[in-house]
Amino acid sequence: MLMKPLRTGLCASALAALSACAAPAPAPAPAPLLPTFAQAQQAEAVITPDQILQHIKVLASDDFEGRLPGTPGGRKAVAYIMDQFKAIGLQPGNPDGTYLQDVPLVGITGTPAMQMTAGGKAIKLDAGSDFVATTERFVPEVDVKDSPMVFVGYGVQAPEYGWDDYKGLDVKGKTIVMLINDPAIPDPNDPGQLDPKMFKGKAMTYYGRWTYKYEIASKLGAAAAIIIHETKPAAYPWDVVEHSWTGEQFKLAAADQNMSKVPVESWITLDKAHELFKDSGLDFDQLKQAALSRDFKPVPLKATASFEIKNTVRKVYSHNVVAKLEGSDPTLKDQYILYTAHWDHLGRKPSLKGDQIFNGAADNASGVAGLLALAKAYKALPVAPKRSVLFVAVTGEEQGLLGSKQYAEHPLYPLTKTLADFNMDVLNTYGKTRDIQIVGAGQNDIEETFARIASAEGRTIVPDTSPEKGSYYRSDQFELAKEGLPSLYIKAGIDVIGKPEGYGEAKAKDYIAHDYHSPSDEIKPDWDLSGAAADLKLLFETGDTIANGSTWPKWKDGSEFKAIREQSLGQ
């Protein structure tokens, strides 16, 4: 499958003649010959659907209990991945001689109670079904009493768009209520579309992510922050919120015990939001429409909120699992290519009736299976790439990209010597496709290399078909990009070979609606991993090309990560 021009033999150059009076200089070590096209194809051939499936079967089995960090199942996952790296023959990835990078976490199991009173009327709220409420603070209890509530639209301060939903509002002591996603501004030239000049049009910006909403609440000193859930702009149903935000939550250990964070992070259902606004004498739909204007000003609600969260707090040491294939070039081996996939999922929830285990077969046992398949392919090369290749199975992605954040902020190898990251999160489970999606397309020129290789195989590169979901900000490459590392995150195509039009899109939507972050994310009888294998081979070829190339990937003009990379490399 590898294109012949990508790998060529290297010829040793002749030494200049030395002066007759000079002592002969030792001949330099010859550069290693790169494997032939046929040898590279043979290495790539080890990436098979059966191999991928076998790893998924183990990692997504009930024995691993949903792979929650800090649990026996999580430790089994770490041990399995480490044993596989050893069996493949890769070196320990940590310079200390181990396969592990410590990721110190704090686990918080909270029992929340929430009350809202609007227009003198108490609104009935059931934990889980009507609201979720947590805290990032490492404290035994959080108590917020009768906090005045104020609607702040989308809760965004975006100076580059001339946007400020707060208009100087002092939110200290208040509970701010906000909408999910970005302001959906109509295009003045085509009201049926979104304005591409405002918040990237249809594509979600970081301002639309729930992480930003809570970050700005912390920055401004709010007592609590409530996000109103809506399925379409959130890109997932309420069940995902309920499952993701109940049970033990993990945060990276912090010296300040996270006391700089907003005391309460909460979501409420759309039905409860309508009730809150109605009892406050307001129309939710009218205010949601008003929030689409730069002139929007915060609207006080005739309502108060109270929260009580009792916590059990524990220290947890989880791990990223890291392996290395050392480069063959004596000089370039100190430069790196990175492959990442998260091994964790949501664990087990005894409060559920029936199936209690969140097996996470697609999310992300499949990505880890892909990581192991790629590692085996690289090891099968008769000569390693010039640069070293790192394989990192990260922890804590489901808890807020924690393992990748730890690696990005405390890299085992300098990011200034790392050329690229390739991230895998939920592989294709429904067969070979003619197309393949790039999430966050237009960010860096890794995409051009990837597209050239895919085109040679008769495949088409397309941008993310659902940019409004903000997927680029929801997986591990984002934390590395924030530190300036050019990163590629692909997603399965939807034009499935041998299937009717719309089949791939229907499968993707069905997964989000029924299996994503649910106990039903298990191996299905109709899974076809031939598409996953084909996609992984493209990632193999692209990484191999860059690992042997003469140029470094760069961020494109307009990318928010370009200046960070240029500054770090300049330093």
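## Two helices that cross

At what angle do helix 2 and helix 9 pack, and how far apart are their axes? Helix 2 (residues 49–59) and helix 9 (residues 361–380) pack at about 130°, and their axes are 8 Å apart. Here the axes are lines fitted to C-alpha atoms, for helices over the stretch in contact, and angles run from 0 to 180 degrees between N-to-C directions. Helices (H or I, at least four residues) and strands (E, at least two) are DSSP runs, numbered from the N terminus.

Before going on, a word on where this comes from: the model is predicted, so local features need pLDDT of at least 70 and side-chain atom pairs count only at pLDDT 80 or more, while totals for chains, interfaces and linings use all residues. Residues are numbered from 1 along each chain as its sequence is written, and side-chain values use heavy atoms, with hydrogens and water left out.

## What holds the pair in contact

Helix 2 and helix 9 are oblique to each other. That word is what remains once angles under 35 degrees are called roughly parallel, over 145 roughly antiparallel, and 65 to 115 roughly perpendicular. Helix 2 passes helix 9 in a right-handed crossing, meaning that the near helix is turned clockwise from the far one by less than a right angle (anticlockwise would be left-handed). On the helix 2 side, the contact (heavy atoms within 4.5 Å) is made by Gln51, Ile52, His55, Ile56 and Leu59. Helix 9 brings residues including Ala365, Val368, Ala369 and Leu372.

Sorted by class, this contact has 9 nonpolar, 3 polar and 1 charged residues. Ala, Val, Leu, Ile, Met, Phe, Trp, Tyr, Cys and Pro count as nonpolar, Asp, Glu, Lys and Arg as charged, and the others, Gly among them, as polar. Helix 9 also holds a quirk: a cis peptide bond joins aspartate 363 and asparagine 364, with omega about 5°, and asparagine 364 is in helix 9.

## The nonpolar cores

The largest nonpolar core has 133 residues. A core like this is a set of buried Ala, Val, Leu, Ile, Met, Phe, Trp, Tyr and Cys residues joined through side-chain atoms within 4.5 Å. Buried means under 20% relative accessible area, exposed means over 50%, and partly exposed is in between (1.4 Å probe, protein chains only). Among the residues with the most contacts inside the core are Ile52, Trp267 and Phe391. Helix 9 gives the most to this core, with 12 residues.

Remember isoleucine 52 from the helix 2 contact? Not counting residues up to four places away in sequence, isoleucine 52 touches Ile47, Ala369, Ala373, Leu529, Ala532, Ala533 and Leu536. Apart from the largest core lies another one, of 13 residues, among them Tyr336, Leu390, Tyr407 and Ala408.

## A helix tucked inside

Now for helix 4 (residues 210–220): 8 of its 11 residues are buried, so helix 4 is largely enclosed by the rest of the structure. Trp210, Tyr214 and Ile216 are among the buried ones. The buried residues of helix 4 pack against strand 6 (157–158), strand 8 (175–179), strand 11 (224–228) and strand 13 (264–268). Right after helix 4 comes glycine 221, with a positive phi near 85°.

## Another oblique pair

Helix 11 (residues 446–456) and helix 14 (residues 530–548) pack at about 125°, with axes 9 Å apart, and are oblique to each other. Helix 11 passes helix 14 in a right-handed crossing. Phe450 and Ile453 of helix 11 take part in the contact, as do Leu538 and Leu539 of helix 14. By class, the contact has 7 nonpolar, 3 polar and 2 charged residues.

## Spots in loops and an odd strand residue

Phenylalanine 199 is not a glycine, yet its phi is positive, about 55°. Phenylalanine 199 sits in the loop between strand 10 (190–194) and helix 4 and, at 0% relative accessibility, counts as buried. Aspartate 146, also not a glycine, has a positive phi of about 45°. Aspartate 146 lies in strand 5 (residues 141–151) and is exposed, with a relative accessible area of 53%.

Is lysine 297 buried or exposed? Lysine 297 counts as exposed, at 58% relative accessibility, and is found in the loop between helix 8 (284–290) and strand 14 (299–325). By contrast, threonine 269, in the loop between strand 13 and helix 7 (270–279), counts as buried at 11% relative accessibility.
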